[in-house]
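Visitor: I have a new structure to look at, and I would like to learn how its terms are applied. Could you show me around?

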Amino acid sequence: MLETAIVVKVNEGLHARPATQFAKLAKEFSCSLQIFRGSTCADAKSAVKLMLLGVKQDDQILLRADGSDESDAVRRLLQFLSEPTAGVTLARHDGAKNGAGTAAGQEAQGEAVAVASNGTHHEPAAAQDVAPASSGCDASTEPPVHGVPASEGLACGPAFVYLPEELRATRQFIEPDEVESELARFGTTFRESIAALDQQFEAMGQHDDIVEALADVAQSDDFSGAVKEKIAAGWDAAAATLQVGEELSAAFLAMDDEYLRSRADDIRGIARQVALRLLGKEDVSLAALAEPCVVLAADLTALDFARAKVANIVGLVCTKGSATSHLAIMARAHGIPAVLGLPVPEELLREASRVALDGAHGQVWFDPSPEWQTEFDARIAQERRRHAALSVYRDVSPVTSDGRHIEIAANLGSLAEIDAALEAGAMGVGLFRTELLFMDRRTLPDEDEQYDVYRRLAEAFHPRPVVIRTLDVGGDKPVPGIAFPHEDNPFLGWRGVRMCLDRPDVFEPQLRALLRAATLGNVHVMLPMVDDLDEIRRAKVMLENCAQALRQAGVACAMPKLGIMVETPAAALTADLLAPEVDFFSIGTNDLTQYVMAVDRVNASLASLYRTDHPAVLRAIGMVCEAAKRANISVAVCGEAAARPDMIPVLVGLGVNELSMSPSSVLRAKKIVSEL
Ligand code: PEP
Ligand code: MG
């Protein structure tokens, strides 16, 4: 074994590019290679681990090599580390420079601090904090990267990097004699792209209008005509496609009409698909997840989730998002351990090949060593056993020791989550978020389509109650078909019930669908983002008018129980005035916390200030419970705090009657309440 201490001279240290080059060089050798920085170490053949080691210029590190070609490896790697411009190109590290045959050659350059072999450590004066010459990295030396704990659970698996790359044409212009063949190539590729798009949408059950509209625009002179013109003028087909795509989408973006504006993405999407084919590349797609993987991404949308083979996402790591972002909520709904808001550059995600995570503690390990992974696998197995043991609570209706019955319900966002909720023993649905129904598409869903979803949900849980929340979208979660104005503060803007009351064309079909589904007897309706009594009264009038119209038309309907989400400070402070108007309250602690604390719930850098357990938020919850008790109506919590083991006793103590959460948390909540 050889060990060498060295002061790193690489400009700005082993950041993304030099780390990648260094790992590439290390992989040329068969010996094991490790780098120690202080008490932590990394496999020198893993670029990701090297980046995470955070080696800076002028840091002293120890390089350890063990194997038949160790001296060659040490010589080449030390040479790399001693060059300020290392990482710019590998060609400079060909071993010939300086004629250095051993690590001693580094001493001649003044960079190597010491060389030791076969465990006889040749101690350098400044190397006391260098790790001992024991065998490989153990668990304690695999430091995690910390992000926002977003969905509990342990996971480990191959990395699936979901970061669409920025497309660039490989050349800009072609020779005059290539024009004809380039035009033909574009024509064929274009037709193939449209056909592929067609298939993709058909698989999503959204064939007709979207594909037709897209195909129309794409086939118009504005798009394919303009591309052909550019090719005829000597442009490369891919370069022309990307350029026309950008120009055309910019033109759409400048439109006043929201529908037309949202076509800009479609155009860019088509141009991208065609250019990818022309360049012989493929875009990553979550639909292609063929085996269980940990997905690494910047962000995921509801649509990404809808397209993914969710069963193959064993874990999720994103550089954006926070604990109460809708991404976190979707991960929890699907029981996928997740760490969000991870402060690492995208290059690091791209380099990872295996990832482990602890969603409860927001910890992520990139490319862990086999030894470490064995330990982690044992933790996963233990966690599974613990979870399996909870299944005895499936049919339990939890009662506290002082005799209070607490309902444990599920939060759902789609019908696909029903089975998981029923399996977990959810005693109903405390919150059905209807947004996904509006977002996972290009046009607004009509009354019949909505009725079908609400009816199927109510039937699945019958006779247990299902609380369906009316559309809660706004400028941060735009929906095709609703023209949201630009707002500087969309979280304080035209959203939730405010938008719905202004848009009867959006609200009334939903109310009619809900009134029809209410004939099943277990459908309750809930209004989001209520501030004021007047909003409740206006919604009630609309509900009554819709019911009357349905009755007149001879359509079966029933008046559901009507409740509100208490999630603004205004609603919490006037809960006593609102309570007599409604049948139930459900406290949305996700928003209530952000508004009471004045902390953006999706800003990962403010995560430590976003505290539902802050006395200010707890006082607000206490006031709401008190008002509900006086008015003799039930009060639930359906924000993420409802599933937190530390918050459940507090919420129950404050007087909450129901806790509604992701299906994956239901069993544990039942156990906690039963033991109170
Ligand atoms: C909440 O605000 O607590 C809530 C449940 O609603 P959402 O997370 O959908 O805003
Ligand atoms: Mg909310």
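Guide: Here are some questions and answers on burial, salt bridges and a metal site. This is a predicted model, where local features need pLDDT of at least 70, side-chain atom pairs count only at pLDDT 80 or more, and totals for chains, interfaces and linings use all residues. Residues are numbered from 1 along each chain, and side-chain values use heavy atoms, leaving out hydrogens and water.

Visitor: Why is glutamate 182 called buried?

Guide: Buried means under 20% relative accessible area, exposed over 50%, and partly exposed in between (1.4 Å probe, protein chains only). Glutamate 182 has 5% relative accessibility, so it counts as buried. Arginine 185, at 30%, is partly exposed.

Visitor: What makes glutamate 182 and arginine 185 a salt bridge?

Guide: The term asks for a side-chain nitrogen of Lys or Arg within 4 Å of a carboxyl oxygen of Asp or Glu. Here N and O are 3.0 Å apart, so the pair fits that definition. Both residues sit in helix 5 (residues 179-203), three residues apart, which means about one helical turn separates them.

Visitor: How do you know that Glu567 and Asp591 are donors of the magnesium ion (ligand 2)?

Guide: Donors are N, O and S atoms within 2.8 Å of the metal (3.2 Å for Na, K and Ca); water is not among the atoms, so sites may look incomplete. Glu567 (OE) and Asp591 (OD) lie 2.0 to 2.2 Å from the magnesium ion, so they qualify as donors. Both glutamate 567 and aspartate 591 are buried.

Key. Chains are lettered from A and ligands numbered from 1 in the order in which they are written. Helices (H or I, at least four residues) and strands (E, at least two) are DSSP runs, numbered from the N terminus.
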